[in-house]
Structures are given as structure tokens and as C-alpha cells.
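Morning, everyone. I have one structure to walk through today, so please look at the screen while I talk.

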Amino acid sequence: MKNIGYRLLKKWIKTGLYFYYGKIQVSGLENVPKDKPVLFLPNHQSALLDVLLIGVNCNRKPFFLTRSDVFTKPTLKKFFAYLRMIPIYRIRDGREALKNNQAVFDQCAEIFGNGHAILMFPEANHNIKRRVRPLSKGFTRILFNAVERLPDTEIHIVPVGLNYKSNSGFPDRMAIYFDKSIVVNTMYDVNDVQGSVNRVKGMVSDRLKTLTTHIADEKQYDNISGQLNALDVDFLNPFETNKVIESIDPSKSVNPVKKKKGFFGILGNAVFTLLNFPLLILWRKWARPKVWEPEFMGTLRFGFALLAYPVYYALLFTVIALFWNGIVGLGAIVFLFLYNWLYVRTK
């Protein structure tokens, strides 16, 4: 029963994500070992959406290492455990709290020993900017602890690139790239732990900088980002976008470019607004002002849509069925559903 509930929840979220994005491009799934211990290591730009997108598209049933401060309420703690989320403690939680991490590391080794997968963000925080930040050494401690406890088990790491066309905007597009897996055992030297840490961190960082758009020059970030937007590069193709970054002048500043909408674009937006007016008002006036960081914009919008749209469709069907009949109500819901789906896919 527990597995059925988990599968239904996963299917619901996966379906919601595909309708939210219109299309999700997934590449490199053949690189993910099917029945061996794996640590997924993605870049982190979009709060909980990053977790959901990998969780439903990685062909595994991973555990998730999650910052400990979200586990404070007992009810949520049980729900998070059901979702296979494990708390990880950071320096901002206090030095005393860091002592709890050894038990977490040992739990991760046990999970690897049973052949399961874990997902962890090596940057240890999120940021909406299109760049790979310095990696924390926490993930290497988990890996090396597991290697010492399981000397005969090959433990794989898979860097993952998450790429959003807009990230905070809607409709959006996104692409996921799973890199070739790496067996970490051979990269660990018990007599040179710091050297091993630097070697693994450097290798993962280099991989991530090819799997996602990476603007290395932080001081000129706005100039470079502005030029990329003006050139209308494909952010879903980080390999080509990173080549463009190498070719542009980082000191050059450009004015923001606002794309002109044609007649059909304006008409499409107007019809979408009219058909979804109650939910758009609710989102813009009530839910969106509660977003405290731009990294949470996509997560909150997706969560709002996931919960609100089934209710909206049900209410709309009920009202139309009362005034006309059930067939008319069903036809109206099907039309609205298809229109919204086409709007998201074609924007």
C-alpha cells in the first residue's frame, strides 16, 4: 500500500510537471546505472522543482538529502520520511548540529549497500544565476565514508545538469542532462584524503560546468547574461551557449530586449487570461506576493497550479452541468484543458 501511494504521488507530480512545462527534454538516461548504488549530483537553481524534476525522471527511486531546518514540525517530518527525504546538517544549523551528520553518513552507506540511489546538491544552496558555484566537501565525506564501509562495492556518481529557459517565468521550458557515471572508489586515497576531496570536487565541478550554462565571471555576470538574452541563445543547450559565452565581450553592456508579440500571440494570451481568470487573480493577488526568493517562484507557481487546477476544473464542470448538462460541462473542461496544454507547449 505504501508503494502504491508513493507511485500514485510520483505519477501525479510527473504528469503535473509535463503539463506545467509543456515538454521536458531528458538526455543521458542510459548513463544511469539501474541496480547499483548511485549519488546524483545536480546543479541547484530552482528550489524544490530541481528535486521533483530529477526524482520523477531519473529511472530510479532515490533518497533525497535535504537541509535539516525543514524537518522541525513532527507532521512534516513523517511526510518527508515517506518521501525518502533525509535531513543533512549545515554549518548554519550550528556547530553542535553538525555532529548529527555522522549518523546521516552511516545511513547513506547503508542505503548504498542496499544498491539504492541518493540525490544531493553539491553546491549546498540554491541560486537562480546561471553559474556553477563552489562545491561543498559534504558530498565527498558521504562518498568516502561509504567507500570505507563498503570496500567491495562500486559506488557511482552521476553529475546532472538542470537547465531552465526562464526559471522564474511562465510558461517555461527545461532540459535535464545525465552525465556518464563515475566509479568513485578509485578516486579515494586513504593516505591523502584532502587530495581525494579536491580531485572529486574538481571533477564534478568541471562536469557540471559543461552540463549547464556557466557564467564564470561573476563581476560581469549582468553584462554577459544581458548579451545572451539579446542574442536569444538556447539555454536548453548549454554546450552551445557556453561556446557563445567564450566569444562575447564581458565588459559590454546591452539594454534589455523585449520581444514583440504578434497578433496571434496577443490573441492567445488574451484567451488564456479570460479562460483562467479566477486562478490568475488568485495567484497574482494572493499567492505570488508570498514568494520570498526568486528561486522559489517556479516551485510555488507549480505547487499552486498542481492543487488549484483540479479544483477549478471540478467547480467549472459542476456549474456548467447544473445550468446545462453533464455532456456540455465535460466538453467545456476538455476544451479548457486542451487549450491550456497547447498554450504552454507553443509559448
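What covers the buried residues of H10? Helix H9, residues 263–275, is part of that cover, and H11 is included too. Keep in mind throughout that this is a predicted model. The buried residues in H10 are Leu279, Leu280, Trp283 and Ala287. They sit on the same side of H10, because they cover an arc of only 105 degrees around the axis.

Now the pairing of H10 with H11. H10 runs over residues 277–287, and H11 over residues 297–323. Their axes are 11 Å apart, and the packing angle is about 140 degrees. Angles over 145 would count as roughly antiparallel. At about 140 degrees, therefore, H10 is oblique to H11. The crossing of these two helices is right-handed.

Which residues make that contact? From H10 we have Pro278, Leu279, Leu282, Trp283 and Ala287. From H11 we have Met297, Leu300, Arg301, Phe304, Ala308, Tyr309 and Tyr312. Sorted by class, the contact of H10 with H11 holds 11 nonpolar residues, one charged and no polar ones. Note that Leu279, Trp283 and Ala287 come up twice: they are among the buried residues of H10, and they also meet H11.

Next pair: H6 and H8. H6 covers residues 193–211, and H8 covers residues 238–247. Here the axes are 7 Å apart and the angle is about 95 degrees. That makes H6 roughly perpendicular to H8. On the H6 side, the contact residues are Lys209, Thr210 and Leu211. On the H8 side, they are Pro238, Phe239 and Asn242. By class, the contact of H6 with H8 has three nonpolar residues, two polar and one charged.

H8 has another partner, H7. The buried residues of H7 pack against H8. Is H7 largely enclosed or largely open? Seven of its 10 residues are buried, so H7 is largely enclosed by the rest of the structure. The buried set is Tyr221, Asn223, Ile224, Ser225, Gly226, Gln227 and Leu228.

Take one of those, Ser225. Its place is in H7, residues 221–230. Its relative accessibility is 14%, and the cut-off for buried is under 20%, so Ser225 counts as buried. Compare its position with Thr15: the two are 210 residues apart in sequence and 32 Å apart in space, C-alpha to C-alpha.

What follows H7? Asp232 does, and its phi is positive, near 55 degrees. Asp232 is found in the loop between H7 and H8.

There is another positive phi to point out. Arg84 has a value of about 70 degrees, although it is not a glycine. Arg84 lies in the loop between helix H3, residues 74–82, and strand E4, residues 85–88. Arg84 is buried, with a relative accessible area of 14%.

While we are on backbone geometry, look at Phe170 and Pro171. The peptide bond from Phe170 to Pro171 is cis, with omega near -5 degrees. Pro171 has its place in the loop between strand E6, residues 156–164, and strand E7, residues 174–178.

Two more loop residues, then I'm done. Start with Cys58. You will find it in the loop between helix H2, residues 47–55, and strand E3, residues 63–67. How accessible is Cys58? Its relative accessible area is 0%, so Cys58 is buried. Leaving aside residues up to four places away in sequence, Cys58 touches Leu29, Val32, Phe40 and Phe178. From Cys58 to Ile281 is 35 Å in space, C-alpha to C-alpha, with their positions 223 residues apart in sequence.

The last one is Ser46. It lies in the loop between strand E2, residues 38–42, and H2. Ser46 has 0% relative accessibility, so it counts as buried. What does Ser46 touch, not counting residues up to four places away in sequence? Tyr164, Asn167, Glu295 and Thr299.

To recap the helix pairs: H10 is oblique to H11, H6 is roughly perpendicular to H8, and the buried residues of H7 pack against H8. Over to you for discussion.

Terms used:
Residues numbered from 1 in each chain as written. Predicted model: local features only at pLDDT ≥ 70, side-chain atom pairs only at ≥ 80, totals over all residues. Heavy atoms only, no water. Axes fitted to C-alpha atoms, helices over the stretch in contact; angles between N-to-C directions. Helix = DSSP H or I, 4+ residues; strand = E, 2+ residues; numbered from the N terminus. Parallel < 35°, antiparallel > 145°, perpendicular 65-115°, else oblique. Left-handed = near helix turned anticlockwise from the far one by under 90°. Contact = heavy atoms within 4.5 Å. Nonpolar A, V, L, I, M, F, W, Y, C, P; charged D, E, K, R; others polar. Buried < 20%, exposed > 50% of the residue type's maximum accessible area, 1.4 Å probe, protein only. Arc of directions from axis to C-beta.
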